Amino acid sequence: MKKTIILSIAFVCIALGISLSSYLAMRENISSMAIANAEALTGVEQPDVADCISDPDFNCEALHPTDPSKDKLRLRARW
């Protein structure tokens with residue numbers, strides 16, 4: 001009887017340890033994904049038309065996400 005109780009307590013402790021370590025690992029992973037998403041969102045809002053390459057058939061246009069007056073156009077070029 002005493003041996004069964006000790007084994008049960010040991011099993012519960014091991015199960016709690018495994019659960020806690022999995023929770024902490026998952027929380028760290030979610031935290032790193034949230035930071036990566038925030039960094040991606042704070043990047044450059046508008047591409048630069050200077051990155052376009054010459055092409056006589058196309059025009060390279062970079063649209064500003066909120067202000068159309070800041071749109072950029074480079075004639076005879078493409079992305």
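Which residues form a disulfide, and how far apart are their sulfur atoms? In this predicted model, the two partners are Cys52 and Cys60, whose sulfur atoms lie 1.7 Å apart. A disulfide is a covalent bond between the sulfur atoms of two cysteines. The count for the structure comes to 1 disulfide. Both Cys52 and Cys60 are buried.

The surroundings of this bond deserve attention next. Cys52 and Cys60 belong to the largest nonpolar core, a set of 5 residues that also includes Val49, Ala62 and Ala77. In soluble globular proteins, nonpolar side chains tend to be buried together. When neighbours within four places in sequence are left aside, the contacts of Cys52 are Cys60, Arg74, Ala77, Arg78 and Trp79. Two of these, Cys60 and Ala77, are listed among the members of the core.

Another residue in contact with Cys52 is Arg78, and this residue leads to a salt bridge. The side chain of Arg78 meets that of Asp55, with a distance of 2.8 Å from N to O. Arg78 is part of strand E4, which covers residues 77–78, while Asp55 sits in the loop that runs between strand E1 (53–54) and strand E2 (60–62), so the pair ties together parts that are 23 residues apart in sequence. Are the two partners buried or exposed? Arg78 counts as partly exposed because its relative accessibility is 37%, whereas Asp55, at 12%, counts as buried. The structure has a count of 1 salt bridge.

Just ahead of strand E4 comes a residue with a notable backbone angle. Arg76 is located in the loop between strand E3 (72–74) and E4. Its phi is near 50°, a positive value in a residue other than glycine. Most residues other than glycine have a negative phi. Arg76 has a relative accessible area of 55% and is therefore exposed.

The loops on either side of strands E1 and E2 can be followed through Gln46 and Lys70. Gln46 is found in the loop between H1 and E1, and it is buried because its relative accessible area is 15%. Beyond residues up to four places away in sequence, Gln46 touches Ala62, Leu63, His64, Lys70, Asp71 and Lys72. One of these, Ala62, is also a member of the largest nonpolar core. Between Gln46 and Asp67, which are 21 residues apart in sequence, the C-alpha to C-alpha separation is 11 Å.

Lys70 has its place in the loop between E2 and E3. With a relative accessible area of 47%, Lys70 is partly exposed. Its contacts, apart from neighbours within four places in sequence, are Gln46 and His64. The C-alpha atom of Lys70 is 76 Å from that of Lys3, and these two residues are 67 places apart along the chain.

The account now turns to helix H1, which spans residues 2–41 and contains Leu24. How far apart are the C-alpha atoms of residues along this helix? Leu7 and Ser22 offer one example: both lie in helix H1, and 22 Å separates their C-alpha atoms, with their positions 15 residues apart in sequence. A further interval runs from Ser22 to Ala34, which are 12 residues apart along the chain and 18 Å apart, C-alpha to C-alpha. Leu7 is exposed, at 54% relative accessibility, whereas Ser22 is partly exposed, at 40%.

Helix H1 also includes Leu24, one of the residues that make a nonpolar surface patch. The other members of this patch are Leu20, Tyr23, Met26, Ile30 and Met33, and the patch has an area of about 590 Å². Leu24 has a relative accessibility of 40%, so this residue counts as partly exposed.

Taken together, these features can be traced in the model in a simple order. The disulfide between Cys52 and Cys60 lies within the largest nonpolar core, and the contacts of Cys52 lead to Arg78, which is paired with Asp55 in the salt bridge. Helix H1 holds Leu24, a member of the nonpolar surface patch.

Key. Residues numbered from 1 in each chain as written. Predicted model: local features only at pLDDT ≥ 70, side-chain atom pairs only at ≥ 80, totals over all residues. Heavy atoms only, no water. Salt bridge = Lys/Arg side-chain N within 4 Å of Asp/Glu carboxyl O. Helix = DSSP H or I, 4+ residues; strand = E, 2+ residues; numbered from the N terminus. Buried < 20%, exposed > 50% of the residue type's maximum accessible area, 1.4 Å probe, protein only. Patch = residues over 30% accessible without salt bridge, like charges linked within 9 Å, V, L, I, M, F, W, Y side chains within 5 Å. Areas by Shrake-Rupley, 256 points an atom, 1.4 Å probe, with all protein chains shown as cover. Disulfide = S-S within 2.5 Å. Core = buried A, V, L, I, M, F, W, Y, C linked by side-chain atoms within 4.5 Å. Contact = heavy atoms within 4.5 Å.
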